Amino acid sequence: MTVEPEPGMPELVFDAGLPGFGDAHRFALVRVGGDDSPFSVLRSLEDEGLEFVVVPPAVFFPDYEPEIADDVAESLGLHSADDALLLVIVTLADPIAASTANLLGPVVVNRHTRSAAQVILDPGRYQTRQPLVSR
Amino acid sequence: MLVLTRRANQSIVIGDNVVVTVLEVRGDQVRLGIRAPRSVSVHREEVFRELAEANRAAASPASGSLDSLLALRPPGGKPRM
């Protein structure tokens, strides 16, 4: 059974899926928590129940400015930084304040075409589990 | 595992659409060029595995914990977008 996005809700296409989820290509990006919330859910349109919590990294990591490699920018059709929407995947923890964001593998979206990919940056520089808030 | 030996500027074809070329061999490092369609991701193995593990850990959180997350605020108070 597939999930259809509500009309008007942007559908993102990951040509190569995501690492670990290579067959998951189509996702809806759904805002959660109301107008005040920076969080969204990336919800699979092919695999019911598969979803990821995402957040624009600038909300919790204002100094995070990853460089997107030329070949990635080209395959996503990005001509400038303004074409791109950046999201990072959140791993929820218990207690919730220990939740982390994956800064090593941000999701890069072409705002115009909705083409998306999870990019892998330099593991010497970024972590997959960066705490959202410091204790 | 299929084992092939190549020199610099020789290539390997995988399936119909993936070509791996040895660009340069220098000391203990091999520089590889990969041509693949957009539907096929190509990554260094150790980082790919790390990312796959992180994605699996993050996938499909329980709805109760998502509600708790929404109460989390970034440092400085109101979230900026």
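Strand β3 (residues 29-35) of chain B is a good place to start, since it gives the most to the nonpolar surface patch, with three residues. Please keep in mind that this is a predicted model. From that strand, the tour below moves through the hairpins of chain B, then the two leading pockets, and ends with a salt bridge between chains and two backbone details in chain A.

**The nonpolar patch on chain B**
- The patch covers about 480 Å² and is made by Val25(B), Val30(B), Leu32(B), Ile34(B), Val40(B) and Val42(B).
- Val30(B), one of these residues, has its place in strand β3 of chain B.
- In general, side chains along a regular strand alternate between the two faces of the sheet.

**Strands and hairpins of chain B**
- β2(B) and β3(B) run antiparallel and are joined by seven bridges.
- Between β2(B) and β3(B) lie two residues, and the two strands form a hairpin. Gly27(B), in the turn of that hairpin, has a positive phi of about 60°.
- Strand β1 (residues 11-14) of chain B also pairs with β2(B), in the antiparallel sense and over four bridges.
- β1(B) and β2(B) form a hairpin too, with three residues between them. In the turn here, Gly15(B) has a positive phi of about 60°.
- Val20(B) is a handy residue to follow across the strands: in β2(B), Val20(B) is the bridge partner of Ile12(B), and in β3(B) the bridge partner of Val20(B) is Ile34(B). Ile34(B) also belongs to the nonpolar patch.

**The largest pocket**
- The volume of the largest pocket is about 1,300 Å³.
- Its lining counts 37 residues, and those nearest the centre are Asp71(A), Val40(B), Ser41(B), Val42(B) and His43(B). Val40(B) and Val42(B) are also part of the nonpolar patch.
- Both chains contribute to the lining of the largest pocket: α1 (70-75) and β8 (115-118) of chain A, and β2 (18-26), β3 and α1 (45-58) of chain B, each supply at least two residues.
- By class, this lining divides into 23 nonpolar, seven polar and seven charged residues.

**The second largest pocket**
- The second largest pocket has a volume of about 630 Å³.
- It is lined by 27 residues, with Ala84(A), Leu85(A), Leu86(A), Leu87(A) and Arg111(A) the closest to its centre.
- In chain A, β2 (26-31), β5 (84-91) and β7 (107-110) each supply at least two residues of the lining. The largest share, four residues, comes from β5(A).
- The lining of the second largest pocket has 19 nonpolar, four polar and four charged residues.

**Salt bridges**
- Over all chains, a search of the whole structure finds six salt bridges.
- Arg129(A) and Glu53(B) form a salt bridge, and their closest N and O atoms are 3.3 Å apart.
- This pair crosses between chains: Arg129(A) sits in the loop between β8 and β9 (130-131) of chain A, while Glu53(B) is in helix α1 of chain B. That helix also supplies at least two residues to the lining of the largest pocket.

**Backbone details in chain A**
- A cis peptide bond runs from Asp94(A) to Pro95(A), with omega near 5°.
- Pro95(A) has its place in the loop between β5 and β6 (100-101) of chain A.
- Arg114(A) is not a glycine, yet has a positive phi of about 65°.
- The loop between β7 and β8 of chain A is where Arg114(A) lies.

Conventions: Residues are numbered from 1 along each chain as its sequence is written. Chains are lettered from A and ligands numbered from 1 in the order in which they are written. This is a predicted model: local features need pLDDT of at least 70, side-chain atom pairs count only at pLDDT 80 or more; totals for chains, interfaces and linings use all residues. Side-chain values use heavy atoms; hydrogens and water are left out. Patches are made of residues with over 30% relative accessible area and no salt bridge: like charges are joined within 9 Å, nonpolar side chains (Val, Leu, Ile, Met, Phe, Trp, Tyr) within 5 Å. Accessible areas come from the Shrake-Rupley method with a 1.4 Å probe; for residues, only the protein chains shown count as cover. A salt bridge is a side-chain nitrogen of Lys or Arg within 4 Å of a carboxyl oxygen of Asp or Glu. On a 1 Å grid over the protein atoms alone, a cavity is a set of points where a 1.4 Å probe fits but cannot get out, and a pocket is an open set with protein on both sides within 12 Å along at least five of seven lines; lining residues have an atom within 4 Å of a point. Grid points are joined across faces, edges and corners, and a volume is the space filled by probe spheres set on the points. Ala, Val, Leu, Ile, Met, Phe, Trp, Tyr, Cys and Pro count as nonpolar, Asp, Glu, Lys and Arg as charged, and the others, Gly among them, as polar. Two strands pair if DSSP finds at least two bridges between them.
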